[in-house]
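Please take a moment with the sequence and the fold before reading on, and keep both in view as the text moves from place to place.

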Amino acid sequence: MGGIYGSAALDPSIAFADPIQPPDLTKCGPASVTTTGPTVQCCPPFKGPDNIIDFKLPSPRERVRTRPAAHLVDKAYIKKYERAIQLMRSLPDDDPRSFKQQADVHCAYCNGAYDQIGFPETGLQVHFSWIFFPFHRLYLYFFERILGKLIDDPTFALPYWNWDSPPGMNMPAIFTDPNSPLYDPIRNPTHSDPSFMLDLDWSREDIVVSPEEQIKSNLNLMNTQMVSGAKKRTLFFGTPLKAGDAAANTGQGSIERSPHMNIHIWTGDPKQAHTEDMGNFYSAGRDPIFYCHHANVDRMWDLWKTLGPRRTDFTDPDWLEAAFVFYDEDKNLVRCKVKDCLDSRKLNYDYQKVPLPWLDTKRTPKAKKKTLANAFATKKRELTPLSAFPLVLNKAISVVVPRGKRSRTVVEKEEEEEILVVEGIEFDRGNVVKFDVALNDEDDTGVPAGPQDTEFAGTFVNVPHREKQGAPSFKAVLRLGITDLLEDLGADDDDTVVVTLVPKVGEVKIGGLKIDYITD
Ligand code: C2O
């Protein structure tokens with residue numbers, strides 16, 4: 001993959017750019033809850049194709065909307081926010097600004113209601129690729145402006161769920177009052193108690209550890225997803241998706257995968273057939289907490305761009321020109337492109353500043369090993385040969401994977417990020433699926449490495465939804481940046497790395513493993 005994407009803007013081939021097109025609303029069809037599950041109707045109340053307008057930035061004279069951390073808001077803010085959601089809930093169902101229609105935007109774009117124009121076989125899917133961040137930014141932008149308009153407050157800003165910092169590591173209390181319009185009864189009841197701590201790496205099981213341990217695990221995960229494992233654009237945003245591509249075959253960005261997906265599943269009710277509301281894309285938008293969760297996801301995009309000189313938006317026209325449609329606060333249907341939303345300040349909103357405790361979280365470095373594969377052999381740990389793939393991951397396995405380059409210089413490491421690629425990942429898209437990945441984890445306590453451990457490399461997570469074609473024959477890919485991790489493991493000079501795959505939830509088949517080097 002490498003540098004092709006970054007340099008495309010300089011290339012005469014831009015004339016042949018192939019960005020994702022906005023859906024044809026006249027062809028909106030039923031969405032499906034799961035691969036085999038029931039269908040639901042979530043198409044917008046569309047009146048005809050002639051009234052679509054192009055997006056325009058808000059006037060710079062508008063006051064900036066500052067999105068507050070949900071745990072820091074005062075009574076006056078809560079009242080205002082509740083009133084806005086209440087008014088949105090009481091709009092008629094066929095009003096595109098109503099809470100029902102706003103929730104259905106997510107259902108339609110994520111559960112197979114739209115084809116891609118010109119590719120009737122391929123559904124439009126806004127997760128699992130580089131359009132994840134921009135789609136959700138624009139979706140929230142209009143949602144926020146509709147709320148502001150309903151209460152006649154042009155400065156109204158959505159709160160963000162500050163799950164990346166200890167005071168935000170629980171369900172924000174403003175959503176847990178059953179008498180509030182911010183409440184949704186279809187949630188995990190155990191997690192709805194604000195004193196219950198959020199596990200950012202939740203695997204559908206409440207393992208209660210001390211608050212200190214949970215915080216350490218959560219902050220390590222955040223550091224891996226934002227800093228050490230997100231040094232290249234495709235690792236942070238996800239891999240390219242062009243017109244005609246099926247998103248189901250692409251790779252998610254680090255934050256989208258985790259904690260974003262995990263928090264969806266953590267919030268949804270495990271007793272519901274399809275982990276509604278937050279735990280399935282078709283129903284996630286029905287919970288007001290969705291928009292608060294996504295405000296923090298969006299905040300991560302802004303923060304990531306402040307973490308280093310190479311952390312910039314893509315310049316590839318296939319990304320910049322990708323487009324969606326949304327209804328605005330005046331019920332106009334607006335065509336928006338990714339390039340319209342790169343700068344949140346130009347969209348006239350910003351985030352309340354709070355500390356970023358994950359920024360300097362460091363994994364405890366490990367002492368250098370002589371030959372790791374031998375260490376495994378001495379401990380009689382079974383190693384799975386690469387030739388055993390493809391395989392069904394029904395128990396934790398460890399595999400010796402060769403590295404192409406070793407002992408690289410600092411400059412070489414800056415240029416090219418070493419990545420672990422887990423290829424050909426097959427699973428039923430209608431189910432919760434999760435597996436974790438660790439490197440050189442020779443611990444034989446029987447407990448595989450988690451985010452609290454130096455050896456943790458990352459995780460793969462699926463929130464139930466349905467792809468247009470439905471069949472589970474798609475192959476997803478997981479790409480993890482591991483240059484820093486290998487240093488911390490003292491493994492930078494080794495010819496091989498031992499990769500441990502740990503199934504956590506659901507059934508998954510893996511096609512193969514390899515080490516690769518990428519420049520973008
Ligand atoms: Cu469109 Cu959090 O998912």
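The paragraphs below visit a helix, a sheet and a pocket in turn.

This is a predicted model, and a good place to begin is helix α3, which covers residues 99–110. At 1.5 Å a residue, its twelve residues should span 16 Å, and because its end C-alpha atoms are 17 Å apart, the expected and the modelled lengths agree. Helix α3 is mostly covered, since eleven of its twelve residues are buried, where buried means under 20% relative accessible area. Among the buried residues are Phe-99, Asp-104, His-106 and Tyr-109. Just after α3, the chain reaches Gly-112, which takes a positive phi of about 85°.

Further along, four strands form an open sheet in the order β11-β16-β13-β14, with antiparallel pairing. At its edges lie β11 (397–402) and β14 (456–462), each of which pairs on one side only, and from one strand to the next the twist averages 25°. Strand β11 is joined by six bridges to β16 (residues 496–505), and the two run antiparallel; within this pairing, Ser-398 stands opposite Thr-500 in β16.

Finally, we come to empty space: the largest pocket holds about 450 Å³. It is lined by 17 residues, of which Asp-199, Asp-201, Ile-207, Gln-452 and Lys-504 are the closest to its centre. Which helix gives the most to the lining of this largest pocket? Helix α5 (residues 211–228) does, with three residues. Taken by kind, the lining of the largest pocket divides into six nonpolar, five polar and six charged residues.

Note on methods: Residues numbered from 1 in each chain as written. Predicted model: local features only at pLDDT ≥ 70, side-chain atom pairs only at ≥ 80, totals over all residues. Heavy atoms only, no water. 1 Å grid on protein atoms, 1.4 Å probe; cavity = no way out; pocket = protein on both sides within 12 Å on 5 of 7 lines; lining within 4 Å. Points joined across faces, edges and corners; volume = space filled by probe spheres on them. Nonpolar A, V, L, I, M, F, W, Y, C, P; charged D, E, K, R; others polar. Expected span 1.5 Å × (residues − 1). Buried < 20%, exposed > 50% of the residue type's maximum accessible area, 1.4 Å probe, protein only. Pairing = 2+ DSSP bridges. Axes fitted to C-alpha atoms, helices over the stretch in contact; angles between N-to-C directions.
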